[in-house]
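Colleague: Please take a close look at the spaces and the ligand site in this model, and at any odd residues you would check on the way. One connected account will do.

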Amino acid sequence: MSRIVVVTGANRGLGREVARQCAVEGDTVVLGSRDLAAGQRAAGELSEGGVRGRVVAAELDVTDFEGVRALATRLLDELGRVDVLVNNAAVHYDTWQSAVHADLAVVGEALETNVLGAWRTTQAFLPLLRHSRHPRIVMVSSEGGSLASMGSGVPAYHVSKAALNALTRTMAGDLAREGFLVNAVCPGWTATDMGGRGGRPVAQGARSIRYAMDLPDGGPTSTFTRDGRPIPW
Ligand code: NDP
């Protein structure tokens, strides 16, 4: 069945590849990008690749509450529903910092995008997801946010992803009775601008995200997986 999928931060990296894979399979993809021109370029390139579905660029800065709400309102009017929301956008893999000396302005930006961005986008899109018969919300997290393995370093990113994991569980609990599946995924170390060289191919990282997008009705909710297998919170 053809779905309507919204992906944040989809002009490059893992978000772009998730958009591509979904479009290949026939989904209608709203490719969110905070820079509309960059989103339109990416959507144009993906549409040339012989995809069955449709890729439409939309301006979407997850730190801009009014903008996110305006887009949700417009899409409700134009598309009537959303089946899958992928909260993918993120910033500040701050390997240069320690918690002891961290620049709290950087920490604040990471929380604003990686946690509150996903939170406000989810809130704004809930009315559209409620029109879906199979609503799915995917939080693109990282094993770096796992409390079980957390240690020194990368403080803004790790704390923000731990908070995103907490949001996943609370959101999943709040929406369980409505049939939503809300799950966090780690794509694995992936060769993108954020991941740098040496990581796995972007197509493989994207498939790890797609596992939680493609879950069947009655499937698991409130989980944290990589490649479809549970990883410790
Ligand atoms: P990239 O840095 O390659 O891409 C990040 C994307 O997020 C870009 O499209 C960027 O847009 C967008 N973005 C940043 N801020 C905002 C904002 N305020 N509003 C909307 N979009 C925004 O990262 P990856 O593709 O590697 O990462 C995607 C996800 O996967 C992230 O959540 C990341 O934490 C997670 N992840 C990645 C891993 C890896 O090894 N790559 C490992 C584990 C998790 P712009 O072009 O405008 O900057």
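**Loop residues, ligand site and enclosed space**

Modeller: In this predicted model, Asp227 sits in the loop between strand E7 (224-226) and strand E8 (229-230). Its backbone deserves a look, since Asp227 has a positive phi of about 55° although it is not a glycine. The relative accessibility of Asp227 is 30%, so the residue counts as partly exposed. His92 also has a positive phi without being a glycine, in this case about 65°. That residue belongs to the loop between strand E4 (84-87) and H4. With a relative accessibility of 23%, His92 is likewise classed as partly exposed.

Now to the ligand. It is surrounded by 28 residues, and the closest are Asn11, Arg12, Asn88, Tyr157 and Thr192. Tyr157 also makes a polar contact: an N or O atom of its side chain lies 2.5 Å from an oxygen atom of the ligand. For Lys161, a polar side-chain atom is placed 2.9 Å from a ligand oxygen. Val140 uses its backbone instead, with an N or O atom 3.4 Å from an oxygen atom of the ligand.

Next, the largest pocket. Its volume is about 910 Å³. The lining is made of 39 residues, and those closest to the pocket centre are Asn88, Ala90, Val91, Tyr157 and Met194. Two of these names have come up already: Asn88 and Tyr157 are also among the residues closest to the ligand. Helix H1 (13-24), H4 and H5 are the elements that each give two or more residues to the pocket lining. Sorted by class, that lining has 16 polar, 13 nonpolar and 10 charged residues.

There is also enclosed space. The search of the whole structure finds 1 cavity of 30 Å³ or more. The largest cavity holds about 50 Å³ of space. Two helices, H4 (104-129) and H5 (155-175), are the elements that give two or more residues to its lining. H4 supplies the largest share, 4 residues. The full lining consists of Thr8, Val62, Asn87, Asn88, Ala89, Thr113, Asn114, Gly117, Ala118, Val140, Lys161 and Leu164. By class these are 6 polar, 5 nonpolar and 1 charged. Asn88 therefore turns up in each list: it lines the cavity, is among the residues closest to the pocket centre, and is among those closest to the ligand. Val140 and Lys161 line the cavity too, and both have been named above for their ligand contacts.

Last, the cysteines, in case you plan to ask about cross-links. The structure holds 0 disulfides. A disulfide is a covalent bond between the sulfur atoms of two cysteines. Why does Cys22 not form a bond with Cys186? The sulfur of Cys22 has its closest cysteine sulfur in Cys186, and because the two are 18 Å apart, they are too far for a bond. The relation holds from the other side as well, since the closest cysteine sulfur to that of Cys186 is in Cys22, at 18 Å. As for their surroundings, Cys22 is buried at 1% relative accessibility. Cys186 is buried too, with a relative accessible area of 5%.

Key
Residues are numbered from 1 along each chain as its sequence is written. This is a predicted model: local features need pLDDT of at least 70, side-chain atom pairs count only at pLDDT 80 or more; totals for chains, interfaces and linings use all residues. Side-chain values use heavy atoms; hydrogens and water are left out. On a 1 Å grid over the protein atoms alone, a cavity is a set of points where a 1.4 Å probe fits but cannot get out, and a pocket is an open set with protein on both sides within 12 Å along at least five of seven lines; lining residues have an atom within 4 Å of a point. Grid points are joined across faces, edges and corners, and a volume is the space filled by probe spheres set on the points. Ala, Val, Leu, Ile, Met, Phe, Trp, Tyr, Cys and Pro count as nonpolar, Asp, Glu, Lys and Arg as charged, and the others, Gly among them, as polar. A disulfide is a pair of cysteine sulfur atoms within 2.5 Å. Buried means under 20% relative accessible area, exposed over 50%, partly exposed in between (1.4 Å probe, protein chains only). A residue is near a molecule or strand if one of its heavy atoms lies within 4 Å of it. A polar contact is a pair of N or O atoms within 3.5 Å; within protein, one must be able to donate a hydrogen and the other to accept it, and residues adjacent in sequence count only if both atoms are side-chain atoms.
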